[in-house]
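Hi,

Here is the structure I promised to pass along. Have a look at it first, and my notes on what turned up follow right below.

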Amino acid sequence: SEQYIIKYDYGLQHIPFYQEFFNQLDSGKIGWSWNQLFGINFYGSKGYYMIGDPFAYLSYFIRSFIPSIIDNIFFVTLLKLIIGGYTFSYFIGQITNKKWIRLLFGCIYITTGWCTTFIEQPNFISFYVFIPLLLAGFEKVINKRKGYLLITFSATILLCINYYLTWMLCVYILFYWILKT
């Protein structure tokens with residue numbers, strides 16, 4: 001058995017959900033599952049987050065290269081952190097053109113409390129990756145540049161990944177919009 005420092009939520013919660021998600025994709029039936037009780041309670045509903053998560057599908061496609069589910073999830077989580085740093089750097093680029101500031105804040109973003117708190121919960125890290133794209137879209141709109149497509153894309157992905165967190169993000173966006181305009 002493989003041992004990781006971050007093993008509890010992976011082993012008890014996410015590996016079974018990923019296994020069931022992969023089984024559903026293999027069978028061609030995505031939705032209700034009697035095996036993991038997707039949707040029957042809050043715990044079971046967390047399995048639905050994978051259905052809307054593009055990184056869960058990436059995990060499925062790279063499992064032929066990384067067959068161990070825990071290694072696969074770990075690799076994709078690291079990839080999410082790298083992409084999250086890049087997307088935050090892109091957002092900061094809407095505010096300043098200084099590359100060192102973009103790099104610095106991109107690195108800070110991937111080491112924030114959100115990451116360290118939810119590192120064992122891959123679906124929350126997926127949500128974290130797309131937040132900066134939504135903010136970058138709003139920055140573009142506020143600065144009279146086109147950003148509506150970026151807002152639409154990122155908001156749709158965020159809603160598919162985790163609709164609970166998206167509602168809380170909307171409250172933040174409202175205050176952000178008021179303060180910026």
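Helix H10 (163–180) supplies the largest share of the lining of the largest pocket, with four residues. Please keep in mind that this is a predicted model. Besides H10, helix H8 (122–142) also gives two or more residues to that lining. The full set around the largest pocket is Phe88, Tyr109, Trp114, Phe127, Ile131, Leu135, Leu165, Met168, Leu169 and Tyr172. What is the make-up of this lining in terms of nonpolar, polar and charged residues? Ten are nonpolar, and there are no polar and no charged ones. As for volume, the largest pocket holds about 210 Å³ of space.

Next, the charged pairs. How many salt bridges does a search of the whole structure find? The answer is one, and the partners are Arg63 and Asp26, whose closest N and O atoms are 2.6 Å apart. Asp26 sits in helix H1 (residues 8–27) while Arg63 is in the loop between helix H4 (54–62) and H5, so the pair ties together parts that are 37 residues apart in sequence.

You may also like the loop that joins helix H5 (69–93) to helix H6 (99–109), where Thr96 is found. The Thr96 side chain reaches the backbone nitrogen of Lys98 at 3.3 Å. If neighbours within four places in sequence are left aside, Thr96 is in contact with Ile101 and Arg102.

Finally, a word on confidence. Across the chain the average pLDDT is 82, and 83% of the residues score at least 70. Where in the chain is confidence lowest, and where is it highest? The low end is helix H2 (residues 42–45), with a mean of 51, and the high end is H6, at 94.

Happy to talk it over whenever suits you.

Best wishes

Key:
Residues are numbered from 1 along each chain as its sequence is written. This is a predicted model: local features need pLDDT of at least 70, side-chain atom pairs count only at pLDDT 80 or more; totals for chains, interfaces and linings use all residues. Side-chain values use heavy atoms; hydrogens and water are left out. On a 1 Å grid over the protein atoms alone, a cavity is a set of points where a 1.4 Å probe fits but cannot get out, and a pocket is an open set with protein on both sides within 12 Å along at least five of seven lines; lining residues have an atom within 4 Å of a point. Grid points are joined across faces, edges and corners, and a volume is the space filled by probe spheres set on the points. Ala, Val, Leu, Ile, Met, Phe, Trp, Tyr, Cys and Pro count as nonpolar, Asp, Glu, Lys and Arg as charged, and the others, Gly among them, as polar. A polar contact is a pair of N or O atoms within 3.5 Å; within protein, one must be able to donate a hydrogen and the other to accept it, and residues adjacent in sequence count only if both atoms are side-chain atoms. Contact means heavy atoms within 4.5 Å. pLDDT is the predictor's confidence in each residue, from 0 to 100. A salt bridge is a side-chain nitrogen of Lys or Arg within 4 Å of a carboxyl oxygen of Asp or Glu.
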